[in-house]
Amino acid sequence: PSVAVFEPVFGSKISYVGVDDVAGARKAAEHLLSAGHRSIAFIGDSKTRLGHQRRRQGFDKALDAARIPPGQRFVLEGDGTIESGRLALEQLFMRDTLPSAFMCVNDQTAIGVIIGLGARGYDIPTDFSVTGFDDVPQATFMTPSLTTIRQPRTAIGKRSMALLLELLSGSAPPEAEILLRPDLIVRNSVSAPSRRFQRR
């Protein structure tokens with residue numbers, strides 16, 4: 001028996017223990033909406049990574065509930081790396097309109113977006129807001145510190161080991177999936193949309 005941890009294996013029947021990606025992404029999107037953002041980009045959509053797809057679902061659920069029209073949503077693919085975040089940002093700057101906030105599929109992507117915005121002379125969160133997902137150690141020490149979704153790593157590790165033992169003993173059903181509750185960690189990378197942006 002096998003147990004996938006932190007990210008489900010796409011197209012497999014392997015049991016999985018991780019965070020509720022849909023709920024976590026929805027929390028991040030709702031935080032941006034509550035700050036006043038109505039034009040938000042999702043960076044990191046994927047056709048092959050189930051965790052990324054679920055986070056996109058959470059993004060869409062939050063924006064659907066807020067009645068944000070499709071024209072005010074920007075969705076770009078990415079592989080979860082710093083470079084993919086930077087490249088997605090460059091693609092957005094080729095367009096006539098820009099979002100006021102970036103909701104990134106993970107913290108590495110958010111770091112790439114922040115690096116790209118900084119290279120263009122923008123200040124975060126004065127000019128743009130950014131959120132991540134995972135709460136990697138670097139998120140606390142960035143400037144500004146990154147608002148993100150925290151995965152309960154210790155709890156996931158304990159529960160995945162328990163599930164593996166249950167699978168070995170036959171007391172758990174195959175293809176089990178256990179999703180733990182994520183937490184929104186509010187730091188300094190989100191604020192209200194800038195007046196300069198609103199004038200564009």
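## Close-up views of a predicted model

**View 1. Glu177 in strand S8.** In this predicted model, Glu177 counts as partly exposed, with a relative accessibility of 41%. This value lies between the limit for buried residues, under 20%, and the limit for exposed ones, over 50%, so at 41% Glu177 belongs to neither of these two classes. Glu177 is part of strand S8, which comprises residues 177-180. If neighbours within four places in sequence are left aside, Glu177 is in contact with Tyr16 and Arg54. Gln108, by comparison, stands 69 residues from Glu177 in sequence, and the two C-alpha atoms are 26 Å apart in space.

**View 2. The largest nonpolar core, with Phe102 as one of its residues.** This core has 22 residues, and those with the most contacts inside it are Ile43, Leu92, Phe102, Leu117 and Val130. Two or more residues of the core come from each of strand S3 (40-45), strand S4 (73-77), helix H3 (82-92), strand S5 (101-104) and helix H4 (107-119). The element that gives the most is H4, with 5 residues. In soluble globular proteins, nonpolar side chains tend to be buried together. Beyond residues up to four places away in sequence, Phe102 touches Ala41, Ile43, Leu89, Leu92, Val113, Leu117, Phe128, Ser129, Val130 and Thr131. A second core, separate from this one, has 18 residues, and Leu32, Phe42, Leu63 and Val190 are included in it.

**View 3. The buried residues of helix H3.** The residues of H3 that are buried are Ser84, Gly85, Ala88, Leu89 and Leu92. Around the helix axis they cover an arc of only 140°, which means that they lie on the same side of H3. An α-helix has 3.6 residues a turn, so residues three or four places apart point the same way. S3, S4, S5 and H4 are among the elements that cover the buried residues of H3.

**View 4. Ser129 in strand S6.** Ser129 belongs to strand S6, which spans residues 129-131, and with a relative accessible area of 0% it is buried. Apart from neighbours within four places in sequence, Ser129 is in contact with Leu32, His37, Ser100, Ala101, Phe102, Ser189, Val190 and Ser191.

**View 5. Ala35 and its partners from another part of the sequence.** Ala35 is found in the loop between helix H1 (21-34) and S3, where a relative accessible area of 23% makes Ala35 partly exposed. Although Ala35 and Ala192 are 157 residues apart in sequence, their C-alpha atoms are 5.0 Å apart in space. When residues up to four places away in sequence are not counted, Ala35 touches Val190, Ser191, Ala192 and Pro193.

**View 6. Salt bridges between Arg49 and Glu7, and between Arg150 and Asp135.** Side chains of opposite charge can pair when their charged atoms come close. The side chains of Arg49 and Glu7 meet in a salt bridge with an N to O distance of 2.7 Å. This pair links distant parts of the chain, 42 residues apart, since Arg49 is in the loop between S3 and helix H2 (50-65), while Glu7 is in the loop between strand S1 (3-5) and strand S2 (15-19). Arg49 is partly exposed, at 28% relative accessibility, and Glu7 is also partly exposed, at 27%. In the other pair, the closest N and O atoms of Arg150 and Asp135 are 2.7 Å apart. Here too the pair links distant parts of the chain, with Arg150 in strand S7 (residues 148-150) and Asp135 in the loop between S6 and helix H5 (138-141), 15 residues apart. Arg150 is partly exposed, with a relative accessible area of 34%, whereas Asp135 is buried, with a relative accessible area of 10%.

**View 7. The salt bridge of Asp183 with Arg181, and a salt-bridge network.** Asp183 forms a salt bridge with Arg181, in which the closest N and O atoms are 2.7 Å apart. With a relative accessible area of 28%, Asp183 is partly exposed, whereas Arg181, with 59%, is exposed. Elsewhere, salt bridges that share partners join Asp45, Arg56, Asp60, Asp64 and Arg73 into one network. The model has a count of 16 salt bridges.

**View 8. A nonpolar patch on the surface with Met161 in it.** Met161, Leu165 and Leu168 form this patch, and together they have about 310 Å² of accessible area. Met161 lies in helix H6, residues 153-169, and is partly exposed, with a relative accessible area of 45%.

Key:
Residues numbered from 1 in each chain as written. Predicted model: local features only at pLDDT ≥ 70, side-chain atom pairs only at ≥ 80, totals over all residues. Heavy atoms only, no water. Patch = residues over 30% accessible without salt bridge, like charges linked within 9 Å, V, L, I, M, F, W, Y side chains within 5 Å. Areas by Shrake-Rupley, 256 points an atom, 1.4 Å probe, with all protein chains shown as cover. Salt bridge = Lys/Arg side-chain N within 4 Å of Asp/Glu carboxyl O. Helix = DSSP H or I, 4+ residues; strand = E, 2+ residues; numbered from the N terminus. Buried < 20%, exposed > 50% of the residue type's maximum accessible area, 1.4 Å probe, protein only. Core = buried A, V, L, I, M, F, W, Y, C linked by side-chain atoms within 4.5 Å. Contact = heavy atoms within 4.5 Å. Arc of directions from axis to C-beta.
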